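Here is a set of questions and answers to read with the structure in view. Try to reason through each question before you read the reply.

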Amino acid sequence: MTTETRLGEDDKLHEECGVFGVWKVPTAAAITALGLHALQHRGQEATGIVSFDGARFHQHRGMGLVGDNFGDAKVIDSLPGSVAIGHNRYATTGDTILRNVQPLYADFEFGGFAVAHNGNLTNAHVLRRALVRRGCLFQSTTDSEVFVHLIAISLYSTVVDRLIDALKQVVGAYSLVALSNEALMGVRDPLGVRPLILGRIGNEGTGGWVLASETCALDIVGADFVRDVEPGEIVVINDQGVHSIRPFGRARERFCVFEYIYFARPDSIVEGTPVYDARKRIGAMLAREAGVPADVVVPVPDSGVPAAMGYSVESGIPFELGIIRNHYVGRTFIEPTDHIRHLGVKLKHSANRPALEGKRVILVDDSIVRGTTSKKIVEMVRQAGAREVHMRISSPPTTHSCFYGIDTPERGKLLAAKHTVEEMAELIGADSLAFISLDGLYQALGQPNRDPAAPHYCDACFTGDYPIILPDQADNADKQLSLLAANH
Ligand code: 5GP
Ligand code: MG
């Protein structure tokens, strides 16, 4: 497999994102801004909203946080209508220019069409090449724009048929929300790698509906959870209600296990399981699998907190906030250079000396990617006087890059891709290091042990078992042929 070396950082468009859509509520844009605010953890780089007032579409996009862009009543007032969709973008590479900020919008012969996308299309470059050759003029460098062009060139007449036509040509992991003059639409990819949920808003009978990446976006707008959108399902929401289309054959679901480990907000309920409970159970399993005598269990905040609580309860070792996080700095991950990333970790975390001095400390974090965070934290905890530092990680070693929408660097930068656990312990300076096992992770999530022939989750970052063709494989795949040969 040469994917990792062929794809330089600049070729990789990570689309770790949050999406939200609402049908038939007063001030839909204000509701969407609130929903996006609750989904801010899924993307902090840029944000946008498109609304529809029954006659016209309105749009606003900007770099930065939801509050910085939509906190102003004048901006919300410029987005009238009772339907809207919105997007939070978190792309660490590629262009960060405004024309890449979603939702994307286009005027077609059938009316307006807006789309917001969470995930990664692994054949986007192939489709883009074919579309450009046909004369399609791309405005952005995001994957998501291929949807717009595929819909534009489709020979079908209705928007929904055109959307299905487009979806049949793309390969990847995606959750979409889309808006036309007639309907709000939500789509999950055939394997359901990325999340999308359906909720109801307003009194029964008022016909209000919500689509969102996570349930935490329902709570903030007072909406009720209805169900997860199913893998491969398109939900079409209009004045007749919600109906569901399944244009793909049924495939075995492969939900992203990293949503449970890190990405989803702990108060979200994912596929029927509260993320908070799942993380505590993962921590408890970690304590059973990799216990070590110690005086305190300390989370690396915030991502390590629920797992550390589970570890502490299971092991009987007291939980202490030995590291304090400063909430007024962005995530270290979004800083562009290794140098700044180092600085970022120091800005973000401080040792709480009285909780650490003279103690044997178990540090719990959710993952080791480059190892930057762990190395700094271990050093910081030692400097605060810890006698021993044992690192426990609530995921298996991250050995492979994600091509399906989670931001991981190229494989060469993943610590676990090149080193054994013992070597990693040495590199981060810990007295011991242990990761939860893959089977332990599955069990903590209420599953049987991982079945290599039919794994329940997408766990490619831990196994290299990629369930959807990768970008370099897409070059040779049949998918492009239909587009090139069909001569629409
Ligand atoms: P490292 O410093 O090893 O490169 O990164 C590990 C840290 O990054 C962990 O504290 C973890 O919580 C966080 N992390 C892991 N995966 C992601 C991700 O996909 N996005 C962001 N923003 N942070 C991540
Ligand atoms: Mg973290």
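Q: Which strands does helix α2 lie across, and at about what angle does it run to β4?
A: In this predicted model, helix α2 covers residues 28–38 and lies across β1 (18–23), β2, β4 (83–89) and β9 (197–201). Its direction is given relative to one of these strands, β4, and the angle between α2 and β4 is about 25°.

Q: How many of the 11 residues of α2 are buried?
A: A residue counts as buried when its relative accessible area is under 20%. The residues of α2 that meet this cut-off are Ala-28, Ala-29, Ile-31, Thr-32, Ala-33, Gly-35, Leu-36 and Ala-38. Helix α2 is therefore largely enclosed by the rest of the structure, the buried count being 8 of the 11.

Q: In what order do the 7 strands of the open sheet stand?
A: The pairing in this open sheet is antiparallel, and neighbouring strands are turned against each other by 15° on average, with direction ignored. Read across the sheet, the order is β3-β2-β4-β1-β10-β9-β11.

Q: Why is one side of β3 and one side of β11 left without a neighbour in the sheet?
A: β3 (57–63) and β11 (224–228) stand at the edges of the sheet. One side of each is left without a neighbour because each of them has a single partner strand.

Q: Which residue in β3 stands opposite Ala-46?
A: Strand β2, residues 46–52, runs antiparallel to β3, and 7 bridges join the two. Within this pairing, the residue of β3 that stands opposite Ala-46 is Met-63.

Q: Which residue in β22 stands opposite Ile-393?
A: Strand β21 (residues 388–393) pairs with β22 in the parallel sense, over 4 bridges. Strand β22 (residues 432–435) is covered on both faces, with Ser-432 and Ala-434 buried on one side and Leu-433 and Phe-435 buried on the other. The residue of β22 opposite Ile-393 is Phe-435.

Q: How much of the area that ligand 1 exposes when taken alone does the protein bury?
A: Ligand 1 is surrounded by 18 residues, and the closest include Tyr-90, Asp-366 and Arg-370. An oxygen atom of the ligand is 2.4 Å from an N or O atom in the side chain of Asp-366, while another listed pair places an oxygen atom of ligand 1 at 2.7 Å from a polar backbone atom of Arg-370. Taken alone, ligand 1 exposes 520 Å², and the part of this that the protein buries is 95%.

Q: Which elements give two or more residues to the shell around ligand 1?
A: The residues closest to ligand 1 include Gly-371 and Thr-373. The elements that supply two or more residues to the shell are α9 (257–263) and α14 (372–383).

Q: What is omega for the cis peptide bond that joins Pro-301 and Asp-302?
A: Most peptide bonds are trans. Asp-302 lies in the loop between β17 (296–299) and α11 (305–315). The bond joining Pro-301 and Asp-302 is cis, and its omega is about -5°.

Q: Does Lys-24 count as buried, partly exposed or exposed, and what is its relative accessibility?
A: Lys-24, in the loop between β1 and α2, has a positive phi of about 60° although it is not a glycine. Residues between the limits of 20% and 50% relative accessible area are called partly exposed. Lys-24 therefore counts as partly exposed, with a relative accessibility of 31%.

Definitions and conventions:
Residues are numbered from 1 along each chain as its sequence is written. Chains are lettered from A and ligands numbered from 1 in the order in which they are written. This is a predicted model: local features need pLDDT of at least 70, side-chain atom pairs count only at pLDDT 80 or more; totals for chains, interfaces and linings use all residues. Side-chain values use heavy atoms; hydrogens and water are left out. Two strands pair if DSSP finds at least two bridges between them. Axes are lines fitted to C-alpha atoms, for helices over the stretch in contact, and angles run from 0 to 180 degrees between N-to-C directions. Contact means heavy atoms within 4.5 Å. A residue is near a molecule or strand if one of its heavy atoms lies within 4 Å of it. A polar contact is a pair of N or O atoms within 3.5 Å; within protein, one must be able to donate a hydrogen and the other to accept it, and residues adjacent in sequence count only if both atoms are side-chain atoms. Accessible areas come from the Shrake-Rupley method with a 1.4 Å probe; for residues, only the protein chains shown count as cover. Buried means under 20% relative accessible area, exposed over 50%, partly exposed in between (1.4 Å probe, protein chains only).
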